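This report describes a few local features of one model. The sequence and structure come first, and the text then takes up two residues and one sheet.

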Amino acid sequence: MLEKQESKKWYGREWIFPILFLVFALVLEMVNFVTLNLGIMPIYFVLDLAVIVFLCGVLSFFKTGGGWWIGFASFFLLIQVVLNITNATFYSVFGDVFSISMMGLGEEGKNAFEFEFLNIPSIFVNLFVWITFIVLCVFLSKKTIFKASLPRKSKIALLLTTILGFQIIGAGMFDFGVNTIKLNAEAQKTASASTTIDDEDMWDNMYIKSVSLQKFGTYGYYLKNTCDLLFGGGKMSEEDQQKVASFVSEGENYLASSQYSGIAKGDNLIILMLESFDRFAIDPIYTPFLYQMATGQYDGAQYMSSFYAKNKTNVSEDISLSSHIANGKLYSSYYHTVGLDMPYSLPNLFKHDGDGSTEIEANYFHGYLKTFYDRVNVNSALGFDNVYALEDCTLEQKSTKWNDWILDSEYIDNMIDLFVPTDKRFFSFYTTISTHGSYEFDNPRIYDNLQYVDDHFDEYVDYVKNKTDLVIPTDKGVLKEYKQFKAFTMDTDKMVQNLFENLQQKGLLDNTTVVMFADHNAYYDDLCYKIKGIVKDEYSNIEANHLPCIIYNDELPAAVNDTYCSTYDIFPTICDLFNLSYNKSLTQGYSIFSDDIANTVFVSSQRGMYIKGIFTANLQDFVVLDDTLTQDDVNKFRDNLLNFYDKQEKIERIYQYNYFGNYA
């Protein structure tokens, strides 16, 4: 009788603490979902519950309610708290959520981080819930202490029963959740008209991170994320090999067709990716050279007035050089795990152009460290013969720390004979740095520019009020940051003008094509939202991502081109101008000058899919931004997005197994 009573006490203690852990894990999940405006709980709630139950079984190895149990339970919940806070921060800055592969950017994230990015309410709420859990556990632990006199064998049997019970229930629930995903996917596939990515495809590929989190929950999403990272790769199945081989062969040797096809054949190529160079970076007072190009006044320069972009710097680089990006992991991760062979990248295509009588070299340049984003390896894999960065220039006053940026004009002047060689045909790619931000950092290198900004600010204000829809800040702190940004854009203008003058002096301007575009908006210090008068978390307002893009070729008519385009369209447009054949299956964009550009869509690796007049975050809810657009326009946009993700499925397999290195 006594043993039976003590068994009940023992079981009571064994269950009250796991239930407490489960409840608080779900409370933290609700906090996360409410913070991110994703609802209350995940669609496949059972996946979350299954992993939590499984963790309860892991915790059962320790004396339930004891110090070790409370310590490990608190640790598991702390991981959830950190993920919640990280996601709240990512979402407020980028409209994005964290993925495990981003851990490879630890150094980059540490340098780019600023305390103003933090979502303070999220920190307080999550920490309050976590601390409450610890306090309750300690209180209940003291209240439920009893001396058990159960035989050792009974204790072991009860312990094993508890552990196995949790594990079996958790595994069963998880299997049920995955099977439910598959069943729902079958229903979606057999529907009369499939209008979205089915749930199994989303589970397998995690295409849209915020949607994946919303569907599968924190525990389901990050368990799958971690497993994909740790156990991805391996050997490619014969079925996948055949599928990818067919996909690749279907797109080989494609030549874009437009009125400007081949006008750059035999030219040199320069690409300038302008860091955080927002639409308000160009004006007639501070950036007169770029302003000429942006207003159709410079012979050979076309300004793409409807260019949009929203990706981290390294992602924008990679998209511009291939017209796609791997969704599952960073290129640097693939490079170090399975390899990164990319025969269809722009540097590789460019270097194989011609009859072999002229040496062709492709070089990458950057004003910061070449180890940042692992460019020294990734950009070599992309096909660049050399990767030059801050380490390679001989400037006396180099950057010494984050935010202490060099001037781009000084860097290019210092590297000009490598950047614009006269003894070979060349492709030079430069990613600028000075306009990066933060715009609070005091940089003596731009004191002269700042003085010029101040001296001509009344003239600039008059231009903004009469010629633009921009907002002049009234807050003194914001105004100071804005003036610093404008001072750095003056240096960008100087760099571009100096480059064009150098090309002219060397007799190379007439046979060099120059492409300039921004990687993303000026998000540091929320500058782009303040200057454009946009609510930061109004993600459907795509004007936040409306950025400059200029293409120069001496045979192009000077013009302002209103064709909608994005970063994905840079690669095919260059291939069109240079008459380079490329693999159409691997490109997610189109030549800006071709009729096919009407089918282009922009898909951000952070958040959002859109064309000029329509936005969606999940392929289900569409926000129409232009009253002239019809349901047919929405349907066309949706179909083009589905085509994008159909391609992406095969592209993911190519990187997951390094197809071109191991199977092609």
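Asn363 lies in strand E4, which spans residues 360–366. The model is a predicted one. With a relative accessible area of 3%, Asn363 is under the 20% cut-off and is therefore buried. Its side chain makes a polar contact of 2.9 Å with the side chain of Asn386. Not counting residues up to four places away in sequence, Asn363 touches Asn386 along with Phe384, Asp385, Tyr388, Leu418, Phe427, Ser428 and Phe429.

A second buried residue is Phe289, at 9% relative accessibility. Phe289 belongs to helix H10, residues 288–294. Leaving aside neighbours within four places in sequence, Phe289 is in contact with Tyr298, Asp493, Val496, Gln497 and Phe500. Between Phe289 and Ser60 there are 69 Å in space, C-alpha to C-alpha, and 229 residues in sequence.

The two residues are listed below.

| Residue | Element | Relative accessible area |
|---|---|---|
| Asn363 | strand E4 (residues 360–366) | 3% |
| Phe289 | helix H10 (residues 288–294) | 9% |

The sheet is open and consists of four strands in the order E12-E13-E14-E15, with antiparallel pairing. Strand E12 (602–603) and strand E15 (622–624) each have a single partner strand, so one side of each has no neighbour in the sheet and the two stand at its edges. The partner of E12 is strand E13 (residues 609–611), and two bridges join the pair in the antiparallel sense. Phe602 has Tyr610 of E13 as its bridge partner.

Key. Residues numbered from 1 in each chain as written. Predicted model: local features only at pLDDT ≥ 70, side-chain atom pairs only at ≥ 80, totals over all residues. Heavy atoms only, no water. Buried < 20%, exposed > 50% of the residue type's maximum accessible area, 1.4 Å probe, protein only. Polar contact = N/O pair within 3.5 Å; in protein donor to acceptor, adjacent residues only side chain to side chain. Contact = heavy atoms within 4.5 Å. Pairing = 2+ DSSP bridges.
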